[in-house]
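Hi everyone, thanks for coming. I'd like to walk you through one structure today, so please have it open as I talk.

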Amino acid sequence: MAIRRPGLFRSTDARATLQAVQQYVQSLLAGALPPHYDPEVDFDLVDEINGELAKKADLGNDGKILLSQVPTGALERFAGTAVSQAAMLALQGEVGDYCLRTDTNGGLGSIWFLVGSDPTQLASWLESPVGISQAAADVRYRSIEIAFQIAGRPAASDEFRYVSGSPKSVYATGSIPGGRLHIARIKTAPTANAVFNIHRALSASPQTLGSSLGTVTFAAGDRTGSVMIVGAFTLAVGDSLVLVAPSIQDATLADGAISLWAVETT
């Protein structure tokens, strides 16, 4: 007796086809052939089933899909850290991989994705438009908060110091990742405009302040300050970040805190 495949076997859906075949075989074993099956031969049934099975992914001994059968670009892998364009082009990788360039984004670094098949060509790499990403932060960088506490009324040109225990770069205003902000708050607002200056003092000469690298301004009557750091700057181990109070003591400004964000570079 010949057997014809049922119409359901002609489904383009592999799962439906295999389920139908399973149901058919179970019916044969039970001796109860479904009435809608026409007993005529259709030898390409086996070929169709084999074709559907060939489309499935195979599992390894660990029960996971074989890596060789995962489509290119389906996996994202960190290809390494590159200190220059030449170093990036020397990395090995596949489409979807990414690397960290430490010489870009003002020294803060940026993520580059491999979008082409040849990693030795610059055209195969695309820099992330959002600068350093969380992936990069996890690989190399760690953002930290530098806090200055102001107790009472600061005297004229009073200094508040932070000594760096590791190499880091202080972010420019508006370039801090993760939605963080430089923040300045004061409990008692100033009578007149009050401007604090931000300086760096090198480890070799901590008593000598460099030129101003930024300002924190409290407008008269305002308890919220405006922090302006135009360009990112670095602090080596032992360098000091120095916040200097206005040269003329304000009549009322008192008790506050100023928080700046930096990123450790090792």
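**A walk through the strands**

Let me begin with a single bridge: Ala184 has Gly225 as its bridge partner in strand S11. Before I go on, please keep in mind that this is a predicted model.

That bridge belongs to a pairing between strand S8, residues 183–188, and S11, which run in the antiparallel sense over two bridges. S11 has another antiparallel pairing, with strand S10, residues 214–218, and there we find three bridges. One pair to look up is Thr217 with its bridge partner Ser226 in S11. S10 and S11 also make a hairpin, with five residues between them. If you click through the turn, stop at Gly221, where phi is positive at about 80 degrees.

Now let's stay on S11, residues 224–228, and look at its side chains. Which residues point to which face? They alternate: Gly225 and Val227 are on one face and are buried, while Thr224, Ser226 and Met228 point to the other and are not buried. So the bridge partner of Ala184, Gly225, is on the buried face, because Gly225 and Val227 are the residues that point there, with buried meaning under 20% relative accessible area.

Next, strand S9, residues 194–201, which holds His199. Is His199 buried or exposed? His199 counts as buried, because its relative accessibility is 13% and the cut-off for buried is under 20%. As for a polar partner, the His199 side chain reaches the backbone oxygen of Gly210 at 2.7 Å.

**An open sheet**

Let's move to another part of the chain. Here four strands make up an open sheet, ordered S1-S2-S3-S4, with mixed pairing. Strand S1 (78–82) and strand S4 (125–127) are the edge strands, each pairing on one side only. On average, neighbouring strands in this sheet are turned by 25 degrees against each other, ignoring direction. For a parallel example, take S1 with strand S2, residues 98–101: the two pair over four bridges. Within that pair, Phe78 has Tyr98 as its bridge partner in S2.

**Two phi values to check**

For those of you who like backbone torsions, here is some background. Most residues other than glycine have a negative phi. With that in mind, have a look at Ser157, which is not a glycine and yet has a positive phi of about 60 degrees. Ser157 sits in the loop between strand S5 (142–150) and strand S6 (159–163). Ser157 counts as partly exposed because its relative accessibility is 38%.

Where is the other one, Asp255? Asp255 is in strand S14, residues 254–264, and its phi is positive too, near 55 degrees. At 32% relative accessibility, Asp255 also counts as partly exposed.

**A cavity to finish**

Finally, how many cavities of 30 Å³ or more does a search of the whole structure find? The search finds one. The largest cavity holds about 50 Å³ of space. Its lining is made up of Pro154, Ala155, Phe196, Ala245, Pro246, Ile248, Gln249, Asp250 and Leu253. Sorted by class, that lining has seven nonpolar residues, one polar and one charged. The polar one is Gln249 and the charged one is Asp250, because Asp counts as charged and Gln falls among the others, which count as polar.

That's my tour, and I'm happy to go back to any of these spots with you.

How values were computed: Residues are numbered from 1 along each chain as its sequence is written. This is a predicted model: local features need pLDDT of at least 70, side-chain atom pairs count only at pLDDT 80 or more; totals for chains, interfaces and linings use all residues. Side-chain values use heavy atoms; hydrogens and water are left out. On a 1 Å grid over the protein atoms alone, a cavity is a set of points where a 1.4 Å probe fits but cannot get out, and a pocket is an open set with protein on both sides within 12 Å along at least five of seven lines; lining residues have an atom within 4 Å of a point. Grid points are joined across faces, edges and corners, and a volume is the space filled by probe spheres set on the points. Two strands pair if DSSP finds at least two bridges between them. Axes are lines fitted to C-alpha atoms, for helices over the stretch in contact, and angles run from 0 to 180 degrees between N-to-C directions. Buried means under 20% relative accessible area, exposed over 50%, partly exposed in between (1.4 Å probe, protein chains only). A polar contact is a pair of N or O atoms within 3.5 Å; within protein, one must be able to donate a hydrogen and the other to accept it, and residues adjacent in sequence count only if both atoms are side-chain atoms.
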